[in-house]
Amino acid sequence: MRTSSLEYPSIHGQGMTSQRTRDKLVLRLREKGITDERVLEAIGKVPRHLFVDEALASRAYEDTALPIGLGQTISQPYIVALMTAQLLRNGIPEKVLEVGTGSGYQAAVLSHLVPQVFSVERIDKLLRQARRCFHRAGLRNIYTRHADGRLGWPSQAPFPAIILTAAGTQLEELLLEQLADGGSLIAPLGTAGAQRLVEYTRSGDVFERKDLCDVSFVPLLSGLD
Ligand code: SAH
């Protein structure tokens, strides 16, 4: 059997982290209603087990969120797929801004689809881990920053696509300002137990809001750790 450099079948044994296991996850996402082939292909390429603690590697291809330490989680693949598909609905953006790098999994999926991924994380330790994962997975088009993502990434703005993976109680003005005309911002909004995934699409100075579904994300916090 040929293995790619992204796989480590001998380490975890029993093929728990193999391409076949990833393909099963893709199948599950299809069954749950994800139809965007580009997104499904990207999910099939990303070795999610690299983005979780080794002790959890055998659960990496379950369609669930998992803890990544420091009170944070790696997002559920279904939600990653849903948000990514929504972001690409009107074509592939030139670049995307992600607020909340966390494990780096969402950024890794995006990196297979979008030329440049800019991702901001407020917890330095998580960001260092994520950077190591990008390196191990051979992903070179992800640019990261240790900063409060509520402020965006002004020197790279405007962004045709912005994605938040932590939930604020209100929309961040600065992020809306950094959204390109015609661009779309997707974010969980609300408090624990009452969050909605929303999308804002910009036309000039008008922002049209669309409600997508219920979600459960960790909170968007201010300042750095
Ligand atoms: N996209 C991640 C999800 C991680 S959970 C993944 O695929 O794994 C959300 C992350 O948002 C956490 O790591 C949290 O530390 C981070 N976060 C919360 N508030 C933030 C802020 N203001 N700026 C940047 N990151 C933030």
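This passage walks through the ligand site of the model and then a handful of individual residues.

The structure is a predicted model, so local features are reported only at pLDDT of at least 70 and side-chain atom pairs only at pLDDT 80 or more, while totals for chains, interfaces and linings use all residues. Numbering starts from 1 along each chain as its sequence is written, and side-chain values rest on heavy atoms, with hydrogens and water left out.

The ligand is the natural place to start. Its shell holds 27 residues, and the closest are Ser103, Glu121, Asp148, Gly149 and Leu221; a residue counts as near when one of its heavy atoms lies within 4 Å of the molecule. By type, that shell splits into 12 nonpolar, 10 polar and five charged residues. Here Ala, Val, Leu, Ile, Met, Phe, Trp, Tyr, Cys and Pro are nonpolar, Asp, Glu, Lys and Arg are charged, and the others, Gly among them, are polar.

The space taken by the ligand is the largest pocket. A pocket, on a 1 Å grid over the protein atoms alone, is an open set of points with protein on both sides within 12 Å along at least five of seven lines, as opposed to a cavity, where a 1.4 Å probe fits but cannot get out; lining residues have an atom within 4 Å of a point. A molecule sits in such a space if more than half of its atoms lie within 2 Å of its grid points. Two or more shell residues each come from strand E2 (72-74), strand E3 (95-99), helix H5 (105-111) and strand E4 (116-121), and E2 gives the most, with three residues. Helices (H or I, at least four residues) and strands (E, at least two) are DSSP runs, numbered from the N terminus.

Several polar contacts to the ligand stand out, a contact being a pair of N or O atoms within 3.5 Å. A ligand nitrogen is 2.9 Å from a side-chain N or O atom of Asp148. Backbone atoms join in too: a polar one of Gly100 is 3.0 Å from a nitrogen atom of the ligand, and a backbone N or O of Gln106 lies 3.1 Å from a ligand oxygen. Taken alone, the ligand exposes 580 Å², and the protein buries 99% of that. Accessible areas come from the Shrake-Rupley method with a 1.4 Å probe, and for residues only the protein chains shown count as cover.

Two spots in the backbone deserve a look. The peptide bond from Ala157 to Pro158 is cis, with omega near 0°, and Pro158 lies in the loop between strand E5 (142-146) and strand E6 (159-164). Leu70 has a positive phi of about 55° although it is not a glycine. Leu70 lies in the loop between strand E1 (66-69) and E2, and is partly exposed, at 48% relative accessible area. Buried means under 20% relative accessible area, exposed over 50%, and partly exposed in between (1.4 Å probe, protein chains only).

Burial and spacing along the chain can be taken together for a few more residues. Ala130, in helix H6 (residues 124-136), is buried because its relative accessibility is 0%. The C-alpha atoms of Ala130 and Thr144 are 9.3 Å apart, with the two positions 14 residues apart in numbering. Thr35, in the loop between H2 and helix H3 (37-45), is exposed at 67%, and its C-alpha is 9.5 Å from that of Ala81, 46 residues apart along the chain. Leu212, in strand E9 (residues 206-215), is partly exposed at 28%; Leu212 and Met83 are 129 residues apart in sequence and 9.6 Å apart, C-alpha to C-alpha.

Note on methods: A polar contact is a pair of N or O atoms within 3.5 Å; within protein, one must be able to donate a hydrogen and the other to accept it, and residues adjacent in sequence count only if both atoms are side-chain atoms.
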